Amino acid sequence: MSGPVQQLAPAVAAPEQPRRPAVRRWPRWATPVLVFGALIAYPFVLQDSAAHNIGILALTYAIAASGWNLLGGYTGQVSFGHALYFGAGAYVTALLVRAGWSPWLAIALSLPIAAAIAVLTGYPVFRLRNHYYSIATIAVAEIAFLLVTNTSWLGRANGLELPITEQSLANLQFSLQDKRPYYFVALALFALAAGALALFLRGRAGSYVRAIRDDQFAAAAVGIPVHRYKLAAAMVSGAVTALAGGFYVMYVLFIDPQSGLGLDLSVSFTLMAVLGGAGRFWGPLLGAWVLVIVQDVTRHEFSGTGRSVDLLIYGALITIVAVTEPGGILALAQRLAKWARRTAGRTEATP
Amino acid sequence: MTDLAQAVVNGVLIGAVFALVAVGLTLIYGVMDIVNFAHGEMLMLGMYSSFFAWSLFGLDPLVSLPMAGFAIALTGALMYYGVIARVLGKSPLAQIIATFGVQVFLRGLAQFLWTPDTRTVTSPWADDLRLEVAGVVIGGPQLIMAIGAVVTTGAVALFMNRTKTGGAIRAAGEDPAAASLMGINPKRMYALAWVIAGAATGVAGGLLMNGYSSSPTAGVTFVLMAFVVVAFGGFGSIAGAAVAGLLVGVAQGVVGLYAPSYTLAAALALYLLVVLVRPQGLLGTR
């Protein structure tokens, strides 16, 4: 945090750090390089199509969950309705591609539309706080779900199919034998989303939204335009989530209300971000991979019985996270690392 | 005209059930400022306990009501001690996510144990019951659900407002520090609130089996309506929930007459309107 907000922090002096051997600081660029290195290597290490499919879905959901993270994790506005933006991206892209547009242009146009929806719905709803806000986001997304389900030119409950065209990067359609092109498009889009989010979070806006999360009244008291910055975060968050929706519809070439706007979808974005680490940059990416893999493994295990354990596992994980470490897996890992370092320092100091 | 009268009567009858479903939610909120996102799943478990009492032991849903109430009261106690007590005083994010995780967990549990199939109880005597007044028909199951809901809601309201224990729970909710100076253990009162909310919700689930079928997602629609009712009546107010339940039921009935696909959308729009225009609700204070 920087800027005027700092003055509000309790004037307690930081406890004296115990002396420990100088640890070399983890350089800023190291994490992104490692993350993207691993993501680029993944489809070459695991060669089969099923693994590529997992990767594509995980990256798509990682984009959406990262979008959620800006609003839910960094700004503290827990949305249970982010399927609204995913659906906006998917439906706008589907409609325009069916009308003969280039998918790239269609996706690009769906982003400002999603941002506009975020402003229109957010303008009234952001006056609400905590659970009032969370329930309101469910209400808005469910209303959109019901409207689409009853609108004939949006395909009602049957959904919209997209035409299969010539395979090329321009058409964003590739062979289904080797799905790696889809994977790398998803990865490029994730990089784009991560870049946009990093830019937003690094600037003044980033400090402001964190201040709003920590204490909205204190933030307002030091002159931060709370409502305006909530809206700004919602715009970027909605656009990033719509990017995932646009790519998703080009990958599966089909969208219906359940897969594009359903409450379950909103819920899974939240689960991913929170599990990995809400308010931590790489949290949603980690959470998305964990959830997609859990889903894949358990679906195979119980296929045909109609039973599934994935929800059971997600629910238990999320509850454990909330009770023990609301910062998610990444915060837990950080705490473990700190603990390990401290014990290592102590054993060194004893002799 | 008869159509409208029928819609209003149907609305009043289902509204009484909405009110009962909302009671547990509003009680927890009033006492500890926590919205239980797993409320619909507690209702769903109540429906399943009623179903199994019928399918395994042949008990009519009305006979097994106390069991459904007891089972979900126990669930409430488990949830309080297992999860809620551990997030008290933590950030709103942690609290929202905690009950939300329980929601996903319970739904997953139901899906795993009992598959996504819908389960229905057939109760011949209730189905045969039928009242007709001036062209307006009242079905037996509807009537049973409504009467049961009114009685249960009334019982919870009386307990909270007229008994010493109910007063102690409210005191712990209003000011835990002052309450503990009066010899009240706030933590125990919180747990008791969860037990009572669970019992009311379990009974609601048992009543619902007279007219609805159970499935892992059976609680979703009802909990959305309960959110609307609780916001409308004022978060935390039991009397407000009772009045709002009836109003929302009637509104839903009348909207259903003209635009049947938009009843839920209308209710959700009502939620948005209420929280934005009058956040304290009809009978809420603050």
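User: What makes up chain B in terms of helices and strands?

Analyst: Good place to start! In this predicted model, chain B has 12 helices and 2 strands. Reading from the N terminus, the elements go α-α-α-α-α-β-β-α-α-α-α-α-α-α.

User: Why is chain B called as compact as a globular protein of its length?

Analyst: Set two values side by side. The radius of gyration of chain B is 19 Å, and the globule rule gives 19 Å for 286 residues, so chain B counts as being as compact as a globular protein of that length. Along its principal axes, the C-alpha trace of chain B spans about 60 × 45 × 35 Å. Of the 286 residues, 56% count as buried.

User: Why are helix 2 and helix 4 of chain B called roughly parallel?

Analyst: Look at the angle. Helix 2 (residues 39-57) and helix 4 (residues 92-114) of chain B pack at about 25°, with their axes 9 Å apart. Angles under 35 degrees count as roughly parallel, so these two helices of chain B earn that description. On the side of helix 2 of chain B, the contact is made by Glu41(B), Met44(B), Leu45(B) and Tyr48(B), while helix 4 of chain B brings Gln103(B), Leu106(B), Arg107(B), Ala110(B) and Trp114(B). These contact residues divide into 6 nonpolar, 1 polar and 2 charged.

User: What makes Phe184(A) partly exposed?

Analyst: Counting neighbours settles this one. Phe184(A) has 18 C-beta neighbours inside 10 Å. A residue needs 20 or more to be buried and 12 or fewer to be exposed, so with 18 Phe184(A) counts as partly exposed. You can find Phe184(A) in helix 6 (residues 180-202) of chain A. Its C-alpha atom is separated by 9.1 Å from that of Pro43(A), although the two are 141 residues apart along the chain.

User: Which residues touch the most other members of the largest nonpolar core?

Analyst: They are Val228(B), Val229(B) and Tyr271(B), in a core of 210 residues. Helix 1 (residues 2-32) of chain B gives the most to this core, with 16 residues. Take Val229(B) as an example: among the residues it touches are Phe18(B), Ala22(B), Ala244(B) and Val248(B).

User: How many residues does each chain bring to the contact between chain A and chain B?

Analyst: Chain A gives 34 residues and chain B gives 37 residues. On the side of chain A, helix 5 supplies the largest share, 10 residues. That side of chain A divides into 22 nonpolar, 9 polar and 3 charged residues.

Notes
Residues numbered from 1 in each chain as written. Chains lettered and ligands numbered in written order. Predicted model: local features only at pLDDT ≥ 70, side-chain atom pairs only at ≥ 80, totals over all residues. Contact = placed C-beta atoms within 7 Å. Helix = DSSP H or I, 4+ residues; strand = E, 2+ residues; numbered from the N terminus. Nonpolar A, V, L, I, M, F, W, Y, C, P; charged D, E, K, R; others polar. Core = buried A, V, L, I, M, F, W, Y, C linked by C-beta atoms within 7 Å. Axes fitted to C-alpha atoms, helices over the stretch in contact; angles between N-to-C directions. Parallel < 35°, antiparallel > 145°, perpendicular 65-115°, else oblique. Rg over C-alpha atoms; globule rule 2.2 N^0.38 Å. Lists of a residue's contacts leave out its neighbours within four places in sequence.
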